[in-house]
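Visitor: I have a few minutes before my next run. Can you walk me through this structure?

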Amino acid sequence: MSIIKSDFEKMNISKIKKAKNNKKLTVITAYDALFAKLFEEIADMILVGDSLNMSFAGRPDTLSATLEQMIYHTNAVCSGAKKAFVILDMPFGTYINKDIALTNAVKVYSQTNAAAIKIEGGEDKADIIKHLTSNSIAVMGHIGLMPQYVRSEGGYRVRGKTKEDEEQLIRDAIAVEKAGAFSIVVEGVMSDVAKKITEAVNIPIIGIGAGNVTDGQVLVWSDMLGFFEEFKPKFVRHYLNGAELVKEAVNQYRSDVQDSSFPSKEEEY
């Protein structure tokens, strides 16, 4: 018996906004057509995350991802999951001011079928987000722990541990909402603070490492399926021991080749 849910509904901006307080939203990353197709009718949104620079390209952080890479992978995802609501993660350096941000966002819209883009930053990026949304670009915000800030902030650190930081995060969320974003990713934030952020705005808050108090969750596919072996972040749950299963399968393939049991007569022409 299949365990795949059959209640898939193609999402759009209006449906995503209406999910606030009504439905927990499920978001997952994808970087290629094959996995995107597998996720298409399960996830509410597919994020082509700049995390691909780490999990796909083996780099130490997300900062060297390029817009060309993101467009390439987004086109692959859109080809594999034509019914999905796909979001392109704008890479580092592509939205340093309003004009550059709009030029690059227009390039994304003209060269892919992405439904939206995602931008890291709170109050400091509100004017850029406003400029984009005023020019018909759908924007998902991202506040809290922001991977593109890793070098300027001296590493990855959990946010919301002080009253001052809590208040800043709430101001960030409100500013991003006022700028026209349709939802916000909140990453690496104390759960009690994530709850206050969620309650402070009228658009969905998608958590990652922010507890179950948000309006939905996002995970990197290679993390949740157990393919990334270097370390397991505290907020990740493994739903599959992917790396172990793949290694077992490839080892079996090698064994079958070596003892000539593959290919069998049935697998010959």
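Guide: We will go through salt bridges, helix contacts and a few single residues. Keep in mind that this is a predicted model.

Visitor: Salt bridges first. How many are there in the structure?

Guide: The structure has 16 salt bridges.

Visitor: What does Glu9 pair with?

Guide: Its partner is Lys15. The closest N and O atoms of Glu9 and Lys15 are 3.2 Å apart.

Visitor: Are Glu9 and Lys15 buried or exposed?

Guide: In between. Glu9 is partly exposed, at 42% relative accessible area. Lys15 is partly exposed too, at 30%.

Visitor: And Asp215, what does that one bridge to?

Guide: Asp215 forms a salt bridge with Lys20. The closest N and O atoms are 2.8 Å apart. Asp215 sits in the loop between β7 (205–208) and β8 (216–219), and Lys20 in the loop between α1 (13–18) and β1 (25–29), so the bridge ties together parts 195 residues apart in sequence.

Visitor: Is that pair buried or exposed?

Guide: Both Asp215 and Lys20 are buried.

Visitor: What about Lys118, which residue does it bridge to?

Guide: Lys118 forms a salt bridge with Asp89, with 3.0 Å between the closest N and O atoms. Lys118 is in strand β4 (residues 116–120) and Asp89 in strand β3 (residues 86–89), so this pair ties together parts 29 residues apart in sequence.

Visitor: How accessible are those two, Lys118 and Asp89?

Guide: Both fall under the 20% cut-off for buried. Lys118 has a relative accessible area of 2%. Asp89 has 3%.

Visitor: Which residues are linked in a network of salt bridges?

Guide: Lys163, Glu166 and Lys196 are linked that way.

Visitor: Those numbers make me think of helices. Where do α7 and α8 run?

Guide: α7 covers residues 163–178, and α8 covers residues 191–200. Their axes come within 9 Å and cross at roughly 30°. Angles under 35 degrees count as roughly parallel, so α7 and α8 are roughly parallel to each other. The crossing is right-handed.

Visitor: Which residues make that contact?

Guide: From α7, Lys163, Glu166, Leu169, Ile170, Ala173, Ile174 and Glu177. From α8, Val193, Lys196, Ile197 and Ala200. So the residues of the salt-bridge network, Lys163, Glu166 and Lys196, are also among the contact residues.

Visitor: How do the residues of that contact divide by class?

Guide: The contact of α7 with α8 has 7 nonpolar and 4 charged residues, with no polar ones.

Visitor: Next pair. How do α5 and α6 cross?

Guide: Helix α5 (residues 98–111) and helix α6 (residues 126–133) have axes that come within 9 Å and cross at roughly 40°. They are therefore oblique to each other. α5 passes α6 in a right-handed crossing.

Visitor: Who touches whom in that contact?

Guide: α5 brings Lys98, Asp99, Ala101, Leu102 and Ala105. α6 brings Asp127, Ile128, His131 and Leu132. By class, the contact of α5 with α6 holds 5 nonpolar, 1 polar and 3 charged residues.

Visitor: And α4 with α5, what is the crossing angle there?

Guide: Roughly 25°, with the axes coming within 10 Å. α4 and α5 are therefore roughly parallel. α4 passes α5 in a right-handed crossing.

Visitor: Which residues are involved?

Guide: Leu67, Glu68, Ile71 and Asn75 come from α4. Asn104, Lys107, Val108 and Gln111 come from α5. The contact of α4 with α5 divides into 3 nonpolar, 3 polar and 2 charged residues.

Visitor: Switching to single residues. Where is Tyr72 found?

Guide: Tyr72 is in helix α4 (residues 67–80). Tyr72 is exposed, with a relative accessible area of 58%.

Visitor: How far is Tyr72 from Asp32?

Guide: Their C-alpha atoms are 9.2 Å apart in space. In sequence, Tyr72 and Asp32 are 40 residues apart.

Visitor: Last one. Where does Glu153 sit?

Guide: Glu153 is in the loop between β5 (139–144) and α7. Glu153 is partly exposed, at 30% relative accessible area.

Visitor: And what separates Glu153 from Asn12?

Guide: Their C-alpha atoms are 34 Å apart, and the two residues are 141 residues apart along the chain.

Terms used:
Residues numbered from 1 in each chain as written. Predicted model: local features only at pLDDT ≥ 70, side-chain atom pairs only at ≥ 80, totals over all residues. Heavy atoms only, no water. Axes fitted to C-alpha atoms, helices over the stretch in contact; angles between N-to-C directions. Helix = DSSP H or I, 4+ residues; strand = E, 2+ residues; numbered from the N terminus. Parallel < 35°, antiparallel > 145°, perpendicular 65-115°, else oblique. Left-handed = near helix turned anticlockwise from the far one by under 90°. Contact = heavy atoms within 4.5 Å. Nonpolar A, V, L, I, M, F, W, Y, C, P; charged D, E, K, R; others polar. Salt bridge = Lys/Arg side-chain N within 4 Å of Asp/Glu carboxyl O. Buried < 20%, exposed > 50% of the residue type's maximum accessible area, 1.4 Å probe, protein only.
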